[in-house]
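Visitor: I'd like a walk through the empty spaces in this model and whatever fills them. Could you show it to me and explain the terms as we go?

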Amino acid sequence: MTTSLFDSFDLSGVQLANRIVMAPLTRNRSPGAIPQPINATYYAQRASAGLIITEGTAISPQAQGYANVPGLYTQAALDGWRTVTDAVHAAGGKIVVQLWHVGRVSHQSLQPNNQPPVAPSAIQAQSKTYLINADDGHGGFVPTSLPRALASNELPGIVEDYRCAARAAIEAGFDGVEIHAANGYLIDQFLRSNSNQRNDKYGGSIKNRARFLFEVVEAITDEIGAARTGIRLSPVTPANDVFDPEPQPLFEYVVAGLAKFALSYIHIIEGATGGARDHQQGNTPFNYAALKQTYRHAGGKAAWMLNNGYDPALAKQAVESGLADLISFGRLFISNPDLVERLRQNAPLAEPDSNTFYGGNERGYTDYPFLNTKND
Ligand SMILES: Cc1cc2nc3c(=O)[nH]c(=O)nc-3n(C[C@H](O)[C@H](O)[C@H](O)COP(=O)(O)O)c2cc1C
């Protein structure tokens, strides 16, 4: 019998009702870095997903890069998250939190003491971040600030911040964590050669550029167990101005190293995040099948989760053919809280309104309708 998108899945002991995952989605609706009751409503509405991955969540004040993003480093934030995890669990769902350090994708006004953001090297990202004006509450995109290069003796402190955030996540009731190593944020800035021009043991060779990632994985799995730890990678995305001319050997090295940890899942963004699935960096198209094969040959047993631009047909095909164990949907989960039921019924899918993605109130957040389930 072929596997279906609607079959249950054992995620390292966490029982998922189906293979449909809500991708991490920053929504900038947690003022003071504290999850609010409206955030609990939003996530609980989407609890029929097999798994929810929260929006990127800052592991420390320095990790912050956008206005009104939640954190995991104060008691108030943990209490706020507890309300969210309780609401999702009460609705029958499972939820992991995405652990985020933005690195250079930040603005001085968001950093402790208005300091420059930190990065592997002092190279400004040609990208934007999102600020909200405290006076009138209006938000807008601004260029990121010039970062300062991290000294190598600062890195253990950041690894420790990841460890503490992972511990806090479990205390707040999450079923696990996802390490955000994608989309041009801090870990990805270490991986890619255009953002990492260090000449210490964290720069240069692939092995050196991947060192920080493995230190983070080691600390988190040591703290909460590999079965509660997933990771997100985006081998060719240009998001936040990262580039590497040779992504294939880089990411095959990464997944082969990850095989040593019994992680719960590997989450791969295929192509440009939110853009072309066949986006390419370097001279040859990225070979995702080879990436998976390298991981499996190295003994890796984690669930294989794919993302980016999946529509219902493509998602069904990926799971039925065994290309993926799990598929994550981003934008469709914004506008279809009952996406699982809609896919099951082949019902029409609502389009998301990008004007209300970042910041604001319940409009475009908790007011997307469910299918009319009345028998009339
Ligand atoms: C509004 C918005 C916010 C996002 N925030 C995050 C985030 O916090 N962390 C992350 O890894 N990806 C983030 N992404 C990327 C999505 O997780 C996903 O990779 C992307 O939308 C492509 O999937 P889709 O085609 O199913 O939407 C965001 C995307 C959107 C549209």
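Guide: Sure. This is a predicted model, and its largest pocket has a volume of about 910 Å³. Of the 33 residues lining that pocket, P24, L25, N183, T273 and Y358 are the closest to its centre.

Visitor: How do you know that the ligand belongs with this pocket?

Guide: A molecule counts as sitting in a pocket if more than half of its atoms lie within 2 Å of the pocket's grid points. The space taken by the ligand is the largest pocket.

Visitor: Which helices and strands supply at least two residues each of that pocket's lining?

Guide: Those are β5 (95–100), β14 (326–329) and α9 (331–335). The largest share, three residues, comes from α9. By class, the lining divides into 14 nonpolar, 15 polar and four charged residues.

Visitor: Which residues come nearest to the ligand?

Guide: P24, T26, R232, N307 and R331, out of the 19 residues around the ligand. That shell has six nonpolar, 11 polar and two charged residues.

Visitor: What makes the pair between R232 and the ligand a polar contact?

Guide: The cut-off is 3.5 Å between N or O atoms. An N or O atom in the R232 side chain is 2.6 Å from an oxygen atom of the ligand, so the pair qualifies. The Q98 side chain passes too: one of its N or O atoms is 2.8 Å from a nitrogen atom of the ligand. With P24, a backbone N or O atom lies 2.7 Å from a ligand oxygen, again within 3.5 Å. As for cover, the ligand has 610 Å² of accessible area on its own, and the protein covers 92% of that.

Visitor: How many cavities of 30 Å³ or more does the structure hold?

Guide: One. The largest cavity has about 60 Å³ of space.

Visitor: Why is that called a cavity and the ligand's space a pocket?

Guide: Because in a cavity a 1.4 Å probe fits but cannot get out, whereas a pocket is an open set of points.

Visitor: What lines the largest cavity?

Guide: Among the lining residues are L11, V14, L51, V96, D175 and R228. Two strands, β10 (176–180) and β11 (229–233), each supply at least two residues. By class, that lining has six nonpolar, four polar and two charged residues.

Note on methods
Residues are numbered from 1 along each chain as its sequence is written. This is a predicted model: local features need pLDDT of at least 70, side-chain atom pairs count only at pLDDT 80 or more; totals for chains, interfaces and linings use all residues. Side-chain values use heavy atoms; hydrogens and water are left out. A residue is near a molecule or strand if one of its heavy atoms lies within 4 Å of it. A polar contact is a pair of N or O atoms within 3.5 Å; within protein, one must be able to donate a hydrogen and the other to accept it, and residues adjacent in sequence count only if both atoms are side-chain atoms. Accessible areas come from the Shrake-Rupley method with a 1.4 Å probe; for residues, only the protein chains shown count as cover. On a 1 Å grid over the protein atoms alone, a cavity is a set of points where a 1.4 Å probe fits but cannot get out, and a pocket is an open set with protein on both sides within 12 Å along at least five of seven lines; lining residues have an atom within 4 Å of a point. Ala, Val, Leu, Ile, Met, Phe, Trp, Tyr, Cys and Pro count as nonpolar, Asp, Glu, Lys and Arg as charged, and the others, Gly among them, as polar. Grid points are joined across faces, edges and corners, and a volume is the space filled by probe spheres set on the points. Helices (H or I, at least four residues) and strands (E, at least two) are DSSP runs, numbered from the N terminus.
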